[in-house]
Amino acid sequence: MVFSKGGSLPGLSLGSRTCRLGSDAAGHHEDGAMTPEELHQDALVIDMTCPLSREPAYVDWFREGGVTVHAPTVRGFSGGAEVGLADIGGWHRYCRDRDDAMIIRSAADIETAHQSGKMGLIMHCQGTSLIEDQLDLIDGFAAAGLRVVQLCYNAKNLIGDGAGERTDSGLSDFGVKAVRRLNQLQLAVDCAHTGHRTSMDAIAFSDAPVIISHANAKAVHGNLRNVEDELIKAIAGSGGVVGTVGFPAFLTWDAQPSLDRFIDDIAYKADLVGIDHTGLGIDYYLGQWPVEDDARAQKRYEQMLADGLWRAEQYPPPPFKYPAGIETPRTLPNLTARMLERGFGQEDVRKVLGLNWLRVLRAIWGG
C-alpha cells in the first residue's frame with residue numbers, strides 16, 4: 001500500500017489533529033504564535049538512535065540541527081564487554097575534554113542539557129553481546145552510564161530471537177532474567193531489531209514501560225524489519241514510545257523517501273495508539289549518503305550481510321538516502337516545519353520531537 005503525498009492508507013481515517021493541512025501565510029499555527037523556526041529552537045529534541053555519532057565529529061551535525069539529546073550507539077551486536085566498555089569510556093573522555101556535552105543518566109539530566117545548551121548523550125547499546133552470559137555485567141554497564149538496552153540486533157542471541165531471524169521463539173530463560181535485572185537497575189528495555197514474540201514477552205515480563213527506539217509500522221510499509229500493529233499497541237499499553245526511522249528501506253522501496261512519507265509513519269502510529277507514544281529514532285548512520293561514498297558504503301553493506309546481521313530482502317544495497325529535506329541531522333528543522341504544515345499542533349510537535357521520550361524515560365529511570 002502506498003501513501004499519496006500527505007495522504008492516508010486506504011480504509012484508514014487519520015484524525016484531523018495529525019493529518020489536516022495548512023497554516024497561515026505568516027507561518028503561525030492555531031495553538032501558538034511561534035514560527036516553525038522558533039518552535040524548533042525552543043523545543044526539547046531527542047533522537048533515540050544515532051549510530052552516526054560513532055564518529056564523534058558528527059555530533060556537531062546534531063547540534064546544527066537543534067537536537068538537545070541524542071543516543072550514540074554503543075556496540076552490542078558484536079564483540080563483548082571490553083568492546084562495549086571502551087565505547088562508553090570514549091564518550092566519557094569526549095565529555096571530559098569539552099564543556100558543551102554531558103552524559104545523560106536521569107530525566108533531570110535531560111532537562112539540564114536543554115536549559116544549559118549542552119549536548120546530552122544517552123548511552124544506548126544495540127544488542128546485548130556486551131553482557132556476554134553474565135547478568136552482573138548489566139550492573140557494571142549501568143554504573144558506567146548505559147541507560148538504554150536493545151535486547152537483540154536482528155540475529156538470535158542469548159536473550160531471544162532478533163527481527164531478522166528465521167525463528168520467532170520468544171525470550172529465553174536468560175532473557176527473562178535480563179529483563180528483570182534491567183527493571184531493577186532502572187534501565188530502559190528496548191525492543192528495536194527484536195523479534196515479535198521476544199518483544200511481546202519482554203513487555204509481559206517487564207515491570208516498567210518498554211520502548212522501541214526505532215521501528216516503523218509494517219502497515220505503512222511492508223518491510224519485514226518493520227513492526228506489526230499488535231506490537232505498537234503493546235508498547236503503548238506498557239506506557240512506552242516507538243521511534244520513527246529514516247532509513248530509506250523502512251519507509252519505501254524507492255531510491256529516497258519523501259519527508260511526507262516519514263511523517264506518514266508518525267501519523268499512522270498517532271492514529272493507532274495516540275500521539276503520546278510516538279517519537280524520533282531516525283537512525284542516521286555512517287554508511288548513509290552523503291556521509292560515505294558509494295564504494296565504502298557498499299563494502300560496509302556487504303560486511304553486514306556476511307556477518308548475518310542484515311538480510312538483503314530487508315536491507316537493499318546502498319546508496320542510502322534519508323528522507324528528502326532531513327537527509328542529515330543538520331536539517332531537522334525542516335521536519336518541524338512540515339509537521340506544522342501537515343496540521344500537527346505545536347504541542348503535539350513538541351511531544352514527537354522529545355517530550356514523549358522525556359516522559360517515558362522519567363518513568364523508567366526516575367529523576
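**Entry 1: cysteines**

I began with the disulfides and counted zero of them. I took a pair of cysteine sulfur atoms within 2.5 Å as the test. Cys125 is in no disulfide, and the nearest cysteine sulfur, which belongs to Cys152, is 11 Å away. Cys125 is also buried, at 0% relative accessibility. Next I looked up Cys191, which is in no disulfide either; here the nearest cysteine sulfur, again that of Cys152, lies 8.2 Å away. Cys191 counts as buried too, with a relative accessibility of 2%. A note to myself before going on: this is a predicted model.

**Entry 2: salt bridges**

How many salt bridges does the structure hold? I found 23. I picked a few pairs to look at one by one.

My pick to start with was Asp100 with Arg63, where the closest N and O atoms are 3.2 Å apart. Asp100 sits in the loop between helix H4 (81-97) and strand E3 (101-103), while Arg63 belongs to helix H3 (residues 59-64), so this salt bridge ties together parts that are 37 residues apart in sequence. Are these two residues buried or exposed? Asp100 is partly exposed, with a relative accessible area of 23%. For Arg63 I noted partly exposed as well, at 23%.

Then I turned to Arg338 and Asp260, whose side chains meet in a salt bridge at 3.1 Å, N to O. This pair joins distant parts of the chain, with Arg338 in helix H12 (residues 333-341) and Asp260 in helix H10 (residues 259-273), 78 residues apart. Both Arg338 and Asp260 are buried. I followed the contacts outward from there and came to a network of salt bridges that links Asp260, Asp264, Arg338, Glu341 and Arg342.

One more pair went into the notebook: Glu292 and Arg300 form a salt bridge, with 2.6 Å between the closest N and O atoms. Glu292 counts as buried, at 7% relative accessibility. Arg300, in turn, is partly exposed, with a relative accessible area of 30%.

**Entry 3: helix H5**

Which residues of helix H5 (residues 107-116) are buried? My list reads Ala107, Asp109, Ile110 and Ala113. I looked down the axis of H5 and saw these buried residues fall within an arc of 160°, so they line one face of the helix. I then asked what covers the buried residues of H5. The cover includes strand E1 (46-50), strand E2 (69-75), E3, strand E4 (119-121) and helix H13 (346-365). I had already met E3 in Entry 2, as the strand at one end of the loop that holds Asp100. Past the end of H5, I checked the backbone: Gly117 follows the helix, and its phi is positive, near 80°.

**Entry 4: helix H8**

I did the same lookup for helix H8 (residues 196-205), where Thr198, Ser199, Ala202 and Ile203 are buried. They cover an arc of only 140° around the axis, which puts them on the same side of H8. What do the buried residues of H8 pack against? I wrote down helix H7 (173-184), strand E7 (188-190), strand E8 (210-211) and helix H9 (229-237).

**Entry 5: recap**

For a quick look back, I have zero disulfides and 23 salt bridges. I also have two helices on record, H5 with its buried residues on one face and H8 with its buried residues on the same side.

Notes:
Residues are numbered from 1 along each chain as its sequence is written. This is a predicted model: local features need pLDDT of at least 70, side-chain atom pairs count only at pLDDT 80 or more; totals for chains, interfaces and linings use all residues. Side-chain values use heavy atoms; hydrogens and water are left out. A salt bridge is a side-chain nitrogen of Lys or Arg within 4 Å of a carboxyl oxygen of Asp or Glu. Helices (H or I, at least four residues) and strands (E, at least two) are DSSP runs, numbered from the N terminus. Buried means under 20% relative accessible area, exposed over 50%, partly exposed in between (1.4 Å probe, protein chains only). The arc is that of the directions from the helix axis to the C-beta atoms. Contact means heavy atoms within 4.5 Å.
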